[in-house]
Amino acid sequence: MIDFLQNHTEQSKPLNYPSLEPIGSREILALLDKKTRFYTAVIFEDHNSYVGREVILDLIPYENILVKRTVNSDKTHYEKLGITAVPSCYLIYPNGSHELINNLNPLRSSFSSFLKSLSGVRRKVTSEQVGTINQDKENHNETESWREFEKSKLYASDLESGLHYLLRVELANHKTLEGDKLKTFKDFIAVTAKLFPGQQTVVKLLETLQEWLVNLPLDKIPYNAVLDLVNNKLRIAGIFLTSRIQWVSCQGSKPEYRGYPCSLWRLFHTLTVQAAKRHLLLINTGFEDNPQIILQIMRRYIQHFFGCRECAHHFEEMAKESMHLVKTLDEAVLWLWKKHNVVNNRLAGSPSEDPKFPKLQWPTPDLCPACHEEVGGLHTWNEGEVLNFLRHYYSEENISYKYTDDKASDGEYAVGNGDDKQTLNKRDQSKDRSISDAKYTSAATLKRAGENFEKHSSKDVVKIGRVPRDTLQSVSIFGIGFSNVDMSLCVVLYVASCLFLMILYFFFRMRSKRWKVKYLRPYV
């Protein structure tokens with residue numbers, strides 16, 4: 001196919017057709033130390049290699065990057081540029097500086113993934129998208145400050161912000177939880193309380209919620225009762241879940257990109273890995289003998305609670321196709337990784353893709369070079385190395401607590417930003433903490449938003465901030481906090497007691513009348 005494309009006559013080639021012909025040494029020297037508005041990558045290869053032409057074709061949909069290839073350059077030229085083996089990738093930056101990229105496997109997938117990940121390299125915008133982007137700029141004049149992050153780290157702030165959104169926003173669509181929905185929610189909380197690797201304040205909240213759900217003998221639970229516990233209206237010491245959204249590695253270039261769907265993927269990836277590494281924690285839960293348990297709970301959660309029904313349908317199709325083949329906890333880790341890459345591949349280049357974070361097959365070669373291999377000129381995965389990478393990436397040891405919030409004391413919050421911690425008084429920050437409720441869009445917009453669960457974006461969230469401060473307050477009587485459930489139970493017990501006393505009163509009163517009639521009646 002590549003030979004066919006290269007041998008097209010000039011007359012039959014369409015406009016903007018890429019040049020697959022190799023360039024000479026003089027042309028390469030002319031590119032060096034020359035300032036441009038884009039990157040230029042030169043692939044050095046043998047005459048019979050296809051790597052350079054494949055990379056050129058891979059980068060056609062991207063802007064701010066130009067790829068050239070060269071073959072059979074003289075040895076002096078190779079020595080000057082430090083090239084000792086082919087194929088090799090030599091990168092020329094927009095400011096004119098240049099270097100040989102040494103840390104890449106000599107594979108098409110490695111070169112392409114690296115070039116796509118360069119800062120400023122993004123998919124070309126179509127004419128249809130221009131109007132949408134301009135409209136988005138008008139609708140989002142206020143943007144949050146960008147949070148720097150390392151691609152090799154898993155951020156607790158993403159996981160905790162995802163839990164906040166799940167428990168306080170997504171579940172809010174359901175006024176009551178009953179039947180399969182209640183069972184799914186209980187199972188989700190049960191495994192998350194056992195396996196969540198984050199801060200102890202969050203873990204204790206999940207454990208408290210799990211214990212409450214187990215001990216509550218009801219077939220139907222109002223969502224407000226769950227929210228009261230999540231907001232800690234009982235003022236239980238040592239439990240806290242952030243009440244604001246603060247994406248880090250899940251942040252998008254615009255508010256409508258990535259966010260919650262990205263964090264939900266990361267949460268379930270984390271749970272599959274934690275189940276594989278710490279499976280003893282599931283003993284006596286009823287889940288210890290089921291290697292598919294995390295996947296099944298994820299499947300049911302998406303089916304019952306996730307906002308985009310089309311996305312839920314797509315995930316259900318993947319689950320029906322092969323989830324039953326998972327026999328071990330490690331296979332569950334790899335199954336979810338494979339399906340996530342399938343989704344990324346399907347949504348790559350879609351209008352809802354974040355141009356700053358294009359959909360790539362993950363992990364990329366710069367994160368895990370050993371995960372990528374090439375057999376017969378085709379890219380393949382080394383699944384053993386992929387499993388090792390996933391077990392490390394989603395491990396407790398790889399979690400960064402930069403940007404996380406934790407409750408420091410009663411009435412204060414410690415806001416973490418790297419190594420710096422500053423204490424904020426709630427009274428001083430009450431105006432900052434009171435934010436608008438999550439805004440829900442129309443059904444069509446929600447469908448488009450929910451689709452982003454599959455592609456790491458979140459259009460169903462126009463703007464999420466923090467839960468209003470008054471939701472963190474409890475009903476205080478004699479210094480004791482009572483939830484709505486507690487007050488409701490008190491009223492029910494009071495009414496029941498009154499009815500019981502009335503029944504007793506009428507019973508003994510009637511009995512007394514009959515006794516008087518029987519024993520006090522005068523004789524004739």
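# Salt bridges, an open sheet and a nonpolar patch

The side chains of lysine 183 and aspartate 187 come together in a salt bridge, with N and O 2.6 Å apart. This is a predicted model, and a search of the whole structure turns up 11 such salt bridges. Below is a quick tour, starting with the overall picture and then moving through the charged pairs, one sheet with its helices, a buried threonine and a surface patch.

**The big picture**

- The protein comes with 18 helices and 17 strands.
- Out of 524 residues, 46% count as buried.
- If you look at contacts with a separation of 6 or more, 73% of them are between residues 24 or more positions apart.
- About 27,800 Å² of the protein is exposed, and 53% of that comes from carbon and sulfur atoms.

**Salt bridge within a helix: Asp187 and Lys183**

- Both residues of this pair sit in helix α8 (residues 179-195), and they are four residues apart, about one turn of the helix.
- An α-helix has 3.6 residues a turn, so residues three or four places apart point the same way.
- How much of each partner can be reached? Aspartate 187 counts as buried because its relative accessibility is 7%, under the 20% cut-off.
- Lysine 183, on the other hand, has 44% relative accessibility and counts as partly exposed.

**Salt bridge between helices: Glu316 and Arg299**

- Glutamate 316 and arginine 299 form another salt bridge, and their closest N and O atoms are 2.7 Å apart.
- This pair ties together distant parts of the chain: glutamate 316 is in helix α13 (residues 309-322) and arginine 299 is in helix α12 (residues 293-304), 17 residues apart.
- Glutamate 316 counts as buried at 18% relative accessibility, while arginine 299 is partly exposed at 23%.
- The 20% cut-off for burial falls between those two values, so the two partners get separate labels.
- There is also a network here: Lys183, Asp187 and Arg300 are joined by salt bridges that share partners.

**Salt bridge between strands: Glu178 and Lys220**

- Glutamate 178 pairs with lysine 220 in a salt bridge whose closest N and O atoms are 3.9 Å apart.
- Again, distant parts of the chain are linked: glutamate 178 belongs to strand β8 (residues 176-178) and lysine 220 to strand β9 (residues 220-222), with their positions 42 residues apart.
- Are these two buried or partly exposed? Glutamate 178 is partly exposed, with a relative accessible area of 38%, and lysine 220 is partly exposed too, at 45%.

**A four-strand sheet and the helices on it**

- Four strands make up an open sheet with mixed pairing, in the order β3-β1-β4-β5.
- Which strands stand at the edges? They are β3 (65-71) and β5 (98-101); each has a single partner strand, so one side of each lacks a neighbour in the sheet.
- On average, neighbouring strands of this sheet are turned by 25° against each other, ignoring direction.
- Strand β1 (residues 39-45) pairs with β3 in the parallel sense, over seven bridges.
- One residue pair to look up: valine 42 has lysine 68 of β3 as its bridge partner.
- Helix α3 (residues 51-58) lies across β1 and β3, and its direction is at about 165° to β3.
- Helix α5 (residues 108-116) also packs on the sheet, where it touches β1, β3, β4 (88-92) and β5, and its direction makes about 15° with that of β4.
- Eight of the nine residues of α5 are buried, so the helix is largely enclosed by the rest of the structure.
- Those buried α5 residues are Ser109, Ser110, Phe111, Ser112, Ser113, Phe114, Leu115 and Lys116.

**A buried threonine**

- Threonine 272 sits in helix α11 (residues 260-277), and it is buried, with a relative accessible area of 3%.
- What does threonine 272 touch, leaving aside neighbours within four places in sequence? Its contacts are Ile294, Leu295, Val333 and Leu336.
- Alanine 332 is 60 residues from threonine 272 in sequence, yet their C-alpha atoms are 6.6 Å apart in space.

**A nonpolar patch on the surface**

- Val491, Tyr494, Val495, Leu499, Met502, Tyr505 and Phe506 make a nonpolar surface patch of about 750 Å².
- To find the patch, look at helix α18 (residues 484-519), which holds valine 491.

Technical notes: Residues numbered from 1 in each chain as written. Predicted model: local features only at pLDDT ≥ 70, side-chain atom pairs only at ≥ 80, totals over all residues. Heavy atoms only, no water. Helix = DSSP H or I, 4+ residues; strand = E, 2+ residues; numbered from the N terminus. Buried < 20%, exposed > 50% of the residue type's maximum accessible area, 1.4 Å probe, protein only. Contact = heavy atoms within 4.5 Å. Areas by Shrake-Rupley, 256 points an atom, 1.4 Å probe, with all protein chains shown as cover. Patch = residues over 30% accessible without salt bridge, like charges linked within 9 Å, V, L, I, M, F, W, Y side chains within 5 Å. Salt bridge = Lys/Arg side-chain N within 4 Å of Asp/Glu carboxyl O. Pairing = 2+ DSSP bridges. Axes fitted to C-alpha atoms, helices over the stretch in contact; angles between N-to-C directions.
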